[in-house]
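Visitor: Hi, could you walk me through a structure? I'd like to start with a single element and work outwards.
Guide: Happy to; here it is.
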Number of protein chains: 2
Amino acid sequence: MKDNLEIFLDLYELTMAEVYFKYKPNTLATFDLFVRQLPFNRNYLMVAGLSEIIDFISNLKFDKPAIEYLREKKLFSEEFLNYLKGFRFRGNLWALPEGEICFANEPILRVEANVIEAQLLEGFLLNTINLQTMIVSKASRITLAAKGRDVYDFSLRRTQGKDAAIKVSRCAYIGGFAGTSNVLSGFLYHIPVVGTMAHSFVMSFDTELSSFFAYSECFPERSILLVDTYNTERGIQNAIEVGLKLKEKGFKLLGIRLDSGDIISLAKKARQMLDRAGLNYVKILASGNLDEYKIERIVKARAPIDSFGVGTHMGTSSDSPYLDVIYKLSQISYDRKKFLPTMKLSQRKVTYPGRKQIYRIRDRRGFFIKDILCLDGEKIKGTPLLKEIIRNGKVIYSNPALKEIREYAMKNLSFIPAEYKSIKKKVVYPVVISRNLEKLTKNLKRDLMDRQK
Amino acid sequence: MKDNLEIFLDLYELTMAEVYFKYKPNTLATFDLFVRQLPFNRNYLMVAGLSEIIDFISNLKFDKPAIEYLREKKLFSEEFLNYLKGFRFRGNLWALPEGEICFANEPILRVEANVIEAQLLEGFLLNTINLQTMIVSKASRITLAAKGRDVYDFSLRRTQGKDAAIKVSRCAYIGGFAGTSNVLSGFLYHIPVVGTMAHSFVMSFDTELSSFFAYSECFPERSILLVDTYNTERGIQNAIEVGLKLKEKGFKLLGIRLDSGDIISLAKKARQMLDRAGLNYVKILASGNLDEYKIERIVKARAPIDSFGVGTHMGTSSDSPYLDVIYKLSQISYDRKKFLPTMKLSQRKVTYPGRKQIYRIRDRRGFFIKDILCLDGEKIKGTPLLKEIIRNGKVIYSNPALKEIREYAMKNLSFIPAEYKSIKKKVVYPVVISRNLEKLTKNLKRDLMDRQK
């Protein structure tokens, strides 16, 4: 596989697989991937990662270099290594589509497969859903805070690695961002790419004014001038001089960028100065350590800012840099017929057993009222959220284009009642456990406690 | 380039390059990459990322797909796109070796090159140093807290993407970890790989005991049994039963793993039970949401834990998930002879101008006393820390093997005076600005303020 991703897994996935191979080769298992607890200041999650997962599972196979490496470890039997050579995922995958909204304890993925196949996916699935769901959720909060103003992903330099940088641009776009500064992401995902200029660019000319003139001559219709390298007010004045010169020639200065200082008062000042000079069409972009909290404050203060560039805090989800994602066995079958529900009992970490589905109850206008987590097959009014993606190893889901995913995400966001969209206030959305699921959980708990005595 | 990494950059790097290409094609620039402020609870940083940077710069070229994509953007001149086709980095790179200790404002990298070449590296360099230096620094704190006990990287599932997962294993190893659960990292970097078992594995058997027996039969010398799926004390009892059976057959149970509950009292209980059963060689591994703060508490409480598995908090540096890394122009030459120092003046973001070097002053035993940040060429007693890595585009630095980097890192860690190694107390290490550098900064500030009037 490309980049040896078949061994992007924890060693225990393979050692457990060896044991299963020897003792329980025909066991079928169902695993749920879900978030146990929503992170700090998150009232909902917006899901992403499925596209990458479909691609991974479809191409999953163990190549020679990986097999050779495993053989060197002197841990695995030749029979098992041989099995890996012919390995393909032949099971089923159910999932929430990208852009779906979910809450704690709701399965984002449900894997039904031979226990070895289901086990060997664990690390990749967790890593993928963790990063992408975390980032789309964070980005959607920033989109909400910006109240219709454009937001751009400026996070490349501070994301945790290259894979994150690329996925972050895509996830920010799904979460409502208008584009990215990351050229590779633009290339890979056909996302709009944008850019301004750096302080070093301004500094590399004799004067700020000459740097502005040089840039605007190369990009007369697409210049956003960075005005805070030396003195911001002076910088705005220089930008106005360039804007007027462009105007004479029939061009429009696109914007100025504020990257430090008191953004609210500077933006008001800049707007006034630009308008007085007859440059009311010149946009003001703000950047510099922004997040949804700061943007909410800026928007509430009616700062005349047209768009935001957001980097670090979105690109690392800095206030909650991971999700409490877990991958739990929910049922098992030794004979491929009878399925036994399973769950974990250890302290404060109880999970729900059985093959489950989620139903969302909406009001007449489409707004979410509550979700019901139930056993698959229960008759519940509402829309089931988990979709069938892969059946017997074959992809049967038609994966939407990125633009459609973004539209779906934005539609979902609009149907979350306002109280859950608060940036700072914790409001718990009701996820009701169906009576049947509750009964199963209770009975199984008793049963397991007896069995382990 | 592999994975089109030549366009892993912010769009503005290319638009600024187009302007330089047109107006200042022969300009030489010096850029410093450094951390402006140490993050919360970090008294030092341990550097990493140079190996990946050397590899990137040596292979950097613009391939056809990238050029085609840029042409479609309708931003760039054909002359500039042609220039990109022949692009190679022909400048110089100075850097702190991996495993070096550094502090705020000290250059980690110094790039001296044609301004276009230096500019086009910006995004890649920042992203690489940000992730890797952040993680090695975090890992080294955990190593310190563990006071000689082995620590393993269990972070694969919660790191921010695949690139991060792989780099994290390598960085954790440099920072003193003993190995990783990540098989791909083991494959790529020859790091020891380790593993235990999952709760789902225990749950997939009728009883906990039968799951332990199955596992230990496959791996009689390498079993670490997870004892907290149902009831931890009962789990330890089951592990003892398996341990005794292995003993009869001449094998040694390797360990048990505690993953939830009150680790300190459970470890004491487990040690007692194991010892009483004659299994004093069976190790106790603790995992589950650990970080340096929890490990310090566990170690102080004299919990008999032999090793720790650390995931999320190390793998995302969760208490400080980014560094304040910046890439700043420090001097420029239009004629390739006379270099003009430069700096940024905007509010609270002043940087130091000129070509700089760092000297570390140590006491007789080797312990760090203070650093001196000065202009290159100043006569200072002490060791200069920035090493020459690339000269005129050619790598002249012999990059050490990973094991040597780790040894170098551990040696450096041992020479940091104890006060700066406190996990929670902020103690600022003295970085002195040389008189010459201070004078230059002051004069240039005045000069720039005059010039912009």
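Visitor: Let's start with helix 1 of chain B. How many of its 13 residues are buried?
Guide: This is a predicted model, and in it 10 of the 13 residues of helix 1 of chain B are buried, so that helix is largely enclosed by the rest of the structure.

Visitor: Which are the buried residues of helix 1?
Guide: In chain B they are B:Leu11, B:Tyr12, B:Glu13, B:Leu14, B:Thr15, B:Met16, B:Ala17, B:Glu18, B:Val19 and B:Tyr20.

Visitor: And what distance does that helix reach from its first C-alpha to its last?
Guide: Helix 1 of chain B, residues 11–23, reaches 19 Å, close to the 18 Å expected at 1.5 Å a residue.

Visitor: Nice. Changing topic: what turn lays chain A on chain B?
Guide: A turn of 180°, with a shift of 0.0 Å along the axis, and the RMSD is 0.0 Å. That is the relation of a two-fold axis.

Visitor: Which residue of chain A comes closest to the rotation axis?
Guide: A:Asp163, whose C-alpha is at 2.6 Å from the axis. As for the contact between the copies, the same surface serves both, with 100% of the contact residues of chain A recurring in chain B.

Visitor: OK, zooming in on chain A. What does its secondary structure come to?
Guide: Chain A has 16 helices and 19 strands. Its C-alpha trace spans about 80 × 55 × 35 Å along the principal axes, and 54% of its 453 residues count as buried.

Visitor: What about contacts across the sequence: what share join residues at least 24 apart?
Guide: In chain A that share is 71%, counted among contacts between residues at least 6 apart in sequence.

Visitor: And which domains does the assignment give for chain A?
Guide: Domain 1 takes in 2–135 + 320–353 + 384–407, and domain 2 is 138–315. The C-alpha centres of these two domains of chain A lie 40 Å apart.

Visitor: How many residues does each domain bring to the contact?
Guide: Domain 1 of chain A brings 11 residues and domain 2 of chain A brings 13.

Visitor: Which helix gives the most on the domain 1 side?
Guide: Helix 6 of chain A, with 4 residues. Helix 6 (122–146) and helix 15 (402–414) of chain A each supply at least two residues of the side of domain 1 that touches domain 2.

Visitor: Last one: what is that side made of, by class?
Guide: The side of domain 1 of chain A that touches domain 2 has 7 nonpolar, 2 polar and 2 charged residues.

Methods
Residues numbered from 1 in each chain as written. Chains lettered and ligands numbered in written order. Predicted model: local features only at pLDDT ≥ 70, side-chain atom pairs only at ≥ 80, totals over all residues. Domains from an automatic or database assignment. Contact = placed C-beta atoms within 7 Å. Nonpolar A, V, L, I, M, F, W, Y, C, P; charged D, E, K, R; others polar. Least-squares fit on C-alpha atoms with pLDDT ≥ 70 in both. Buried ≥ 20, exposed ≤ 12 C-beta atoms within 10 Å, placed from the backbone. Expected span 1.5 Å × (residues − 1).
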